[in-house]
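User: I'd love a close look at one small part of this protein before I head back to the bench. Could you walk me through it and its surroundings?

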Amino acid sequence: MTLTATSDLIASATAERSAVLAFNVITIEHAEGIAAGAEHAGAAVVMQISENTVRFHGGRLAPVASACARIAEGSVVPISLHLDHFRDPALLGDAIAAADALGVTSIMVDAAQLPYQDNVERTRSFADAGHRAGLWVEAELGEIGGKADAHTSGARTDPDEAVLFAEQTGVDGLAVAVGSTHAMTVRDARLDLALIHELATRVPIPLVLHGSSGVPDGQLRQAVQAGIRKINIGTALNVAFTGAVRDVLATDAAVTDPRGYVKAGRQAIGDTVAELCRSLGPSRQPVTAGEQKR
């Protein structure tokens, strides 16, 4: 299976009135777990690399992106590679220039922290550059809380502004603020489903939900019915990974080989991805044990 384009996954989800699940990568074990979980569920997914993850890896996109691409290429389900929450214009420019070589097919220009007109101008500039490179481009309107500070779920995307923003920037997908926040470790967020429906009715491009780890499955399914077409999940994987590592270390205080506890963490990510894909995502036929590549 070759790398799939994010635009194709979004187009399929839109046609099916479903949503594609997009999972955040921090380590290679995240990428391996995401691929394994997607295979077990028989689901197509997006692997996402954020600007924060690039900085974690010393500011170098190529090593982590190349690893993700090779893992995706070895999978038996379609997987695309997306660059998420890129704010630094220099890093974003470098990422666009190298996207094709790294197997990246989509980016998110994150300028939502800027005043509206500045957001429009920066997003339009990088959307134009991304389109010239053949990339599907996402942006955000109505800054979604929780990335650096306390969780703030009060932000809401204005529908009138969203329609204008989509027209002025030419982006292909729009992340909207509808009640979810980033970095939530408990699933008690309540989405504004009526707002999602209004946005989906009026905005002519697919809608993206960020901060989905804090949203219960039932609410996420309702969000898909209301018009969400891409669901971003990151913290849920980290919670699963860290919990599994803690369990191994608590069981054997003398353990020193990281492969044992990292393997447990990777398996926990895979289990979480498979469960979410089965519950929320468009599914292909489940992959049998004989078809597994890992």
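With which side chain does the side chain of H210 make a polar contact?

Analyst: Happy to help, and please keep in mind that this is a predicted model. The partner is H85: the side chains of H210 and H85 make a polar contact at 2.9 Å. The side chain of H85 also makes a polar contact with the side chain of D110, at 2.6 Å. Both histidines appear in the UniProt record, where an unreviewed entry gives the feature "binding site" to H85, H182 and H210.

Let's place the two residues. H85 sits in strand β3, which spans residues 79-86, while H210 lies in the loop between β7 (207-209) and α9 (217-226). H210 has a relative accessible area of 1%, so it is buried. H85 has 12% relative accessibility, and because the cut-off for buried is under 20%, H85 counts as buried too.

Next along strand β3 comes a residue with its own annotation. D84 is found in β3, and the unreviewed UniProt entry marks D84 as "active site". D84 is buried, with a relative accessible area of 3%. Setting aside neighbours within four places in sequence, D84 is in contact with N24, Q48, I49, S50, E51, M108, H210 and N232. H210 is thus on the contact list of D84 as well as being the polar partner of H85. The side chain of D84 makes a polar contact of its own, with the side chain of Q48 at 3.5 Å.

On the other side of the story is L209, which belongs to strand β7. L209 has 0% relative accessibility and counts as buried. The C-alpha atoms of L209 and A177 are 7.7 Å apart, although 32 residues separate the two along the chain.

Q48 leads us to strand β2, residues 45-50, where six of six residues are buried. In a regular strand, side chains alternate between the two faces of the sheet. In β2, V45, M47 and I49 are on one side and V46, Q48 and S50 on the other, and both faces are covered. Strand β1 (residues 20-25) runs parallel to β2, and five bridges join them. One of the pairings is A22 with V46 as its bridge partner in β2.

Some of these residues also belong to the nonpolar interior. Nonpolar side chains in soluble globular proteins tend to be buried together. Here the largest nonpolar core has 75 residues, and the members that touch the most others are F23, I34, M47, I49 and L174. Helix α4 (residues 61-73) supplies the largest share of this core, with seven residues. Another core lies apart from it, with nine residues, including A44, V46, W136 and V208. Returning to I34, its contacts beyond four places in sequence are F23, N24, V25, V45, M47, L237, I269 and V273.

Finally, the wider setting. The chain holds eleven helices and eight strands, and buried residues make up 54% of its 294 residues. Among contacts with a separation of 6 or more, 77% are between residues 24 or more positions apart. The accessible surface comes to about 12,400 Å², with 51% of it belonging to carbon and sulfur atoms.

Key. Residues numbered from 1 in each chain as written. Predicted model: local features only at pLDDT ≥ 70, side-chain atom pairs only at ≥ 80, totals over all residues. Heavy atoms only, no water. Helix = DSSP H or I, 4+ residues; strand = E, 2+ residues; numbered from the N terminus. Buried < 20%, exposed > 50% of the residue type's maximum accessible area, 1.4 Å probe, protein only. Contact = heavy atoms within 4.5 Å. Areas by Shrake-Rupley, 256 points an atom, 1.4 Å probe, with all protein chains shown as cover. UniProt positions renumbered as here; feature names shortened; annotations may be inferred. Polar contact = N/O pair within 3.5 Å; in protein donor to acceptor, adjacent residues only side chain to side chain. Core = buried A, V, L, I, M, F, W, Y, C linked by side-chain atoms within 4.5 Å. Pairing = 2+ DSSP bridges.
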